[in-house]
Each structure stands twice: as structure tokens, then as C-alpha cells.
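Q: Please take a close look at the salt bridges in this predicted model. Which side chains pair, and where do the partners lie?

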Amino acid sequence: GVLERLNAGEVVIGDGGFVFALEKRGYVKAGPWTPEATVQYPDAVRQLHREFLRAGSNVMQTFTFYASDDKLENRGNNLKVTGAQINEAACDLAREVANEGDALVAGGVSQTPSYLSCKSEADVKAIFRKQLDVFIKKNVDFLIAEYFEHVEEAVWAVEVLKETGKPVAASLCIGPKGDMHGVSPGECAVRLVKAGAQIVGVNCHFDPMTCVETVKLMKEGVEKAGLKAHYMVQPLAFHTPDCNCQGFIDLPEFPFGLEPRILTRWDMHKYAREAYNAGIRFIGGCCGFEAYHIRAIAEELAPERGFLPSASEKHGSWGAGLEMHTKPWVRARARRDYWENLKPASGRPQCPSMSVPDSWGVTKGHADLMQQKEATSKEELEQLFDKSKTH
């Protein structure tokens, strides 16, 4: 189990960001970001699981991000498939691939439109319980409450997940400034641990080093409160030095112009070492992560884990495979110091190095964030276009 591995000091490597990876491959729609591909395109989901497993992941997280029924029918989505069908297929796919290696299956729930629209605690918890029924039926190994902007909703999720008796991890999509209501990372972690989470941390919204810094603050808070927990981090694969508390969704490039910000595999080596040195033992990725990023984490931590991932069969350490290149100037790059010190160019003349976040400053309770089943109308879009001109 995940707790046994973490208690033994093992490194647990998560997988990457399925919605972004599958959107780029043509199986997920940007906007709703819902995971109906588990039913519609199971081969695509299965293949991505396999790529992450081969790269070194030993957690297969079910592709159940945003699979609550209120999200599946939000703003005109109106899918011909239910959350239960999506989640059942996701569990089967994750288990099938996990059984091909030494991997665990984690069932995941995430933040809900109902919470943003100020529905009651009972209403929101009912949504989590409905998803939970499938995870119990399929007997996942542990549960993750992930991608929560507000610690209050994350606590509600943890309280529901704890009812199963299975190990519970909780990760917020926050940075060093805390959640969207200004609750500090340390206080967020304390609340999650007190609610019953044995593993706490962050995922998404910020780059690896920012996320590691946030988890350090969480760890300090937990230890100061005299509590104990394991720690996890699953960041973006994008550089986000210009983000505010809302994270990368506030950047003008989100979601279709983020490629210039992508981290190299060598950046991932630095991230993995930084996370490990901070005492974090559940290390993975979120949006933007591809299999080669996870492989870099596994290669960096191979001395601690005692083995390399299968995918390293096709990857020389620190570019060693380039020794076989036909061009001498490329063979000259077959060394660690070259790649560690490289400062990649963007190749985009006149592009700024950083952006200005949109900074609308709205969160739960604001009229602009009230959700609806009806599709967004042209009139509503025109109002948003006009408002965006003033920011």
C-alpha cells in the first residue's frame, strides 16, 4: 500500500497531467476538461497509463478529474455518459495497467462547480459520495482529493473519503500565498491532516519549484502543530514565475499558448532532487507533464529507489546516447555539465520573458463564478469580452 511504502521511506512516483496530454492528442476538449475519454477512447487512456508506468510511475491515478455529475453537465456540456460510467471505466483502465507493473491505483475527486456556486456542505459532500461508490466497488488502493482552490471544500472531500477506511491524500492547487480565501499553506495542511488526510501537498497551477516551496510551508505548519503526515507534490511542467495566487489559469497564454514555458527533462532532475531534499516522498506531475518528464524524475532518484525505469533503456544518462550521433558538435553535447548549464532560447523574436496575469480577482461567491447547466450565451460572452478589455 501507499502508506507502507512511504512509511518505509520509499519514493512514490506519480504520473502526469492526463487532461492536458490527452487534449493535445485529440481526446479531451479544452474548456470543460472532462474525462469522458475513458468511455469514448479507452485505448488512448490505456496507452497514456502505460507510457507513465514505463517511465517510472508507480501510481496509476484514475482518469476521473472533473468527473462529478455537476461538472459533466455544466455550461452546456450535456454528455451522453454519466459520471459513474466514466469512473468505472477509469478504474478498470488504471487497474489493468497497474497490474502490468508494481503500481498502485488511486481514485481521485476534484473541486466542484457546486462549491463555487455556494451550494451547501451537504450538497457538495453528496457529490463526492456518489463518486466514492465507484471507487469502493472497484477497490482502488487509495484515494486522492486533488485540485482544490479552497481548503474548506478540500476538507469536506477528505471527510467523505475517510469514511471508506482507505488511505487518503489531499493536494491543493495553491501557491505560497495560500488558498483563494487567503488561508496560508501551513494552516491548509493542518486542517487537512486534522480532517484525516495522511498525505498532504499541492498539485497543478504552479511550476515545480514554487510547488516544492509551498509544500515546505505546509510541512512547517504541520510540524509546528505537533502533527504528522507524508507529503506529495505534483506540479505543472510549465515555468510560472509571473503567476499570482490564481496560478497559470490567470496567464494570458492559458491554455493554448503555454508551450514556450515547458520545462526540459533536465529541469525535472533539479525538481526531483529539490523535492526529495525537502522531505517529500510522493513526487509526480500534473498539467504539461509527459512521460519523459516522469522518466527524468525516476532517473534522478534511481540511487534512492535502487533501479531505473524501463524507459531508460532508450535514454542515455545525461545525454550519453548522443555519443552515437553522426555530427561531432552534437557528440560534444554528450555530457552532464552541458545540459545542466544550458539556457534554452525560445526562438520567438520580440516575445517577452514574462506575462501579466489577468487578475480578475473573483472566487467562490462572486456572481461571475455562479455556474449553470445552460451553455454560455453569445450575450454572456460579449460581456466577458468587454470586461477583459479593462484588465
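**Salt bridges**

A: Across the whole of this predicted model, a search finds 23 salt bridges, and a few of them can be followed residue by residue.

One of them pairs R25 with E51, whose closest N and O atoms are 3.5 Å apart. Because R25 belongs to helix α2 (residues 18–25) and E51 to helix α4 (residues 42–55), this pair ties together parts that are 26 residues apart in sequence. R25 is partly exposed, with a relative accessible area of 35%, and E51 is likewise partly exposed, at 27%.

Helix α4 also supplies R46, whose side chain meets that of E96 in a salt bridge with an N to O distance of 3.0 Å. Since R46 lies in helix α4 and E96 in helix α6 (residues 83–98), the pair ties together parts that are 50 residues apart in sequence. With a relative accessibility of 18%, R46 falls under the 20% cut-off and therefore counts as buried, whereas E96 is partly exposed, with a relative accessible area of 34%.

A pair within one helix is formed by K219 and E223, with the closest N and O atoms 2.9 Å apart. Both residues lie in helix α11 (residues 208–224), where they are four residues apart, about one turn of the helix. K219 counts as partly exposed at 22% relative accessibility, and E223 counts as partly exposed at 47%.

Beyond individual pairs, salt bridges that share partners join D43, R46, R50, E96 and E100 into one network, and the R46 and E96 pair described above, with its distance of 3.0 Å, has both of its residues in that network.

Notes:
Residues numbered from 1 in each chain as written. Predicted model: local features only at pLDDT ≥ 70, side-chain atom pairs only at ≥ 80, totals over all residues. Heavy atoms only, no water. Salt bridge = Lys/Arg side-chain N within 4 Å of Asp/Glu carboxyl O. Helix = DSSP H or I, 4+ residues; strand = E, 2+ residues; numbered from the N terminus. Buried < 20%, exposed > 50% of the residue type's maximum accessible area, 1.4 Å probe, protein only.
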